[in-house]
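The report below considers how charged side chains and helices are arranged in one protein chain. Please look at the structure first and then follow the text alongside it.

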Amino acid sequence: MSQKTCFVIAPIGEAESETRKRSDQVLKHVICPAASACGYKAIRADQISEPGMITSQVIQHIVDDQLVIADLTDRNPNVFYELAIRHAIRKPLVQLIRKGEQIPFDVAGTRTIHVDHRDLDSVEEAKKEIASQISALEKDSTKLETPISVSLDLQMLRQSDNPEQRSLADVLSVVSELRSSVASIEKRLESPDALMSPQMMAELKERRDIRSHRSRAAMMELRHMVHEVHELLLEDKARPPKAKESQKEMLMRIEHLLMALDRDF
């Protein structure tokens with residue numbers, strides 16, 4: 001059986017650049033092994049050897065190849081241009097991104113694999129997930145949904161002569177808006193600056209600084225009094241009443257300081 005082709009959409013960058021080094025390592029250690037295990041030969045745009053216009057050849061691969069794996073790392077414009085073509089034709093596709101990077105809002109609804117190519121455990125996990133997604137797509141590729149395919153499906157339902165299908169389009173539209181709202185909220189929660197104004201952030205920082213300063217001062221005073229109490233305890237048991245009263249007073253102050261520290265922390 002001939003080996004199937006998996007076209008890799010990825011930020012390539014200039015030779016010797018950090019982008020190229022990472023792309024090469026992800027291709028070699030993550031994508032190629034996972035694709036090969038599923039019976040696919042992975043090929044990237046810079047590895048196309050046939051004569052002809054490279055852009056046309058890339059588009060041909062995106063349209064014709066049985067599988068596409070897209071690396072969304074660094075939000076490269078060419079990657080998203082090519083990804084949109086694959087989304088439009090709704091053919092088997094796997095998305096991945098560098099671990100720690102936020103998935104762009106427009107494609108956040110599509111399942112995306114996070115990978116740190118410098119972490120061997122992350123690499124192994126990503127390879128397993130790629131293989132799992134390929135297997136699921138091979139069993140039933142009709143379950144694949146993309147932002148473009150969903151929009152087209154909604155448009156067809158809205159134009160239907162069947163009232164039930166038009167109602168379904170309204171329901172799906174509301175669900176889509178809810179998903180977008182949730183994704184937007186999650187994005188804002190990842191950045192406190194998006195939730196509070198710079199003035200409010202500055203006020204909170206000032207309060208934290210005040211509490212921190214007060215806590216440090218209380219801690220220094222507490223240490224000093226503990227030292228004094230220790231000195232008193234080392235004195236002769238037959239202390240004059242005044243010394244005993246001083247000890248009680250210091251113990252009370254220590255308790256107050258501890259309560260203040262508890263509030264600050």
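In which helix is Q133 found? In this predicted model, Q133 is found in helix α4. With a relative accessibility of 9%, Q133 falls under the 20% limit and therefore counts as buried. When its neighbours within four places in sequence are left aside, Q133 is in contact with V94, R111 and I113.

**Helix α1**

The 20 residues of α1 should span 28 Å at 1.5 Å a residue, and the end C-alpha atoms of the helix are 28 Å apart, which agrees with that expectation. The helix nevertheless bends by about 40 degrees at L27, and L27 itself belongs to the buried residues of α1, which also include R22, S23, V26, V30, I31, A34 and A35. These buried residues pack against the strands β1 (4-9), β2 (40-44), β3, β4 and β5 (112-115), and against helix α4 (120-139). After α1 comes G39, whose phi is positive, near 90 degrees.

**Salt bridges**

The count of salt bridges in the model comes to 9. Three of these pairs are set out here with the distance between their closest N and O atoms.

| Pair | N to O distance |
|---|---|
| R22 and D71 | 2.8 Å |
| R98 and D74 | 2.6 Å |
| R98 and E101 | 2.7 Å |

The salt bridge between R22 and D71 links distant parts of the chain, since R22 lies in helix α1 (residues 18-37) and D71 in strand β3 (residues 67-71), 49 residues apart. Are the partners of this pair buried or exposed? R22 has a relative accessibility of 6% and therefore counts as buried, and D71, with a relative accessible area of 2%, is buried as well.

The side chains of R98 and D74 also meet in a salt bridge. R98 lies in strand β4 (residues 93-98) and D74 in the loop between β3 and α3 (77-89), so the pair ties together parts that are 24 residues apart in sequence. Here R98 is partly exposed, with a relative accessible area of 27%, and D74 is likewise partly exposed, at 41%. R98 forms a salt bridge with E101 too, and thus R98 takes part in the pairing with D74 as well as in the pairing with E101. Elsewhere, D24, R44 and D46 are linked in a network of salt bridges.

**Helix α3**

Helix α3 has 13 residues and reaches 19 Å from its first C-alpha to its last, close to the 18 Å expected at 1.5 Å a residue. At the start of α3, a side-chain oxygen of N76 reaches to within 2.9 Å of the backbone nitrogen of N78. Which residues of α3 are buried? They are V79, E82, L83, I85, R86 and H87. The helix is followed by R90, whose phi is positive, near 55 degrees.

How values were computed. Residues numbered from 1 in each chain as written. Predicted model: local features only at pLDDT ≥ 70, side-chain atom pairs only at ≥ 80, totals over all residues. Heavy atoms only, no water. Salt bridge = Lys/Arg side-chain N within 4 Å of Asp/Glu carboxyl O. Helix = DSSP H or I, 4+ residues; strand = E, 2+ residues; numbered from the N terminus. Buried < 20%, exposed > 50% of the residue type's maximum accessible area, 1.4 Å probe, protein only. Expected span 1.5 Å × (residues − 1). Bend = angle between axes of the 7 residues up to and from the residue. Contact = heavy atoms within 4.5 Å. Polar contact = N/O pair within 3.5 Å; in protein donor to acceptor, adjacent residues only side chain to side chain.
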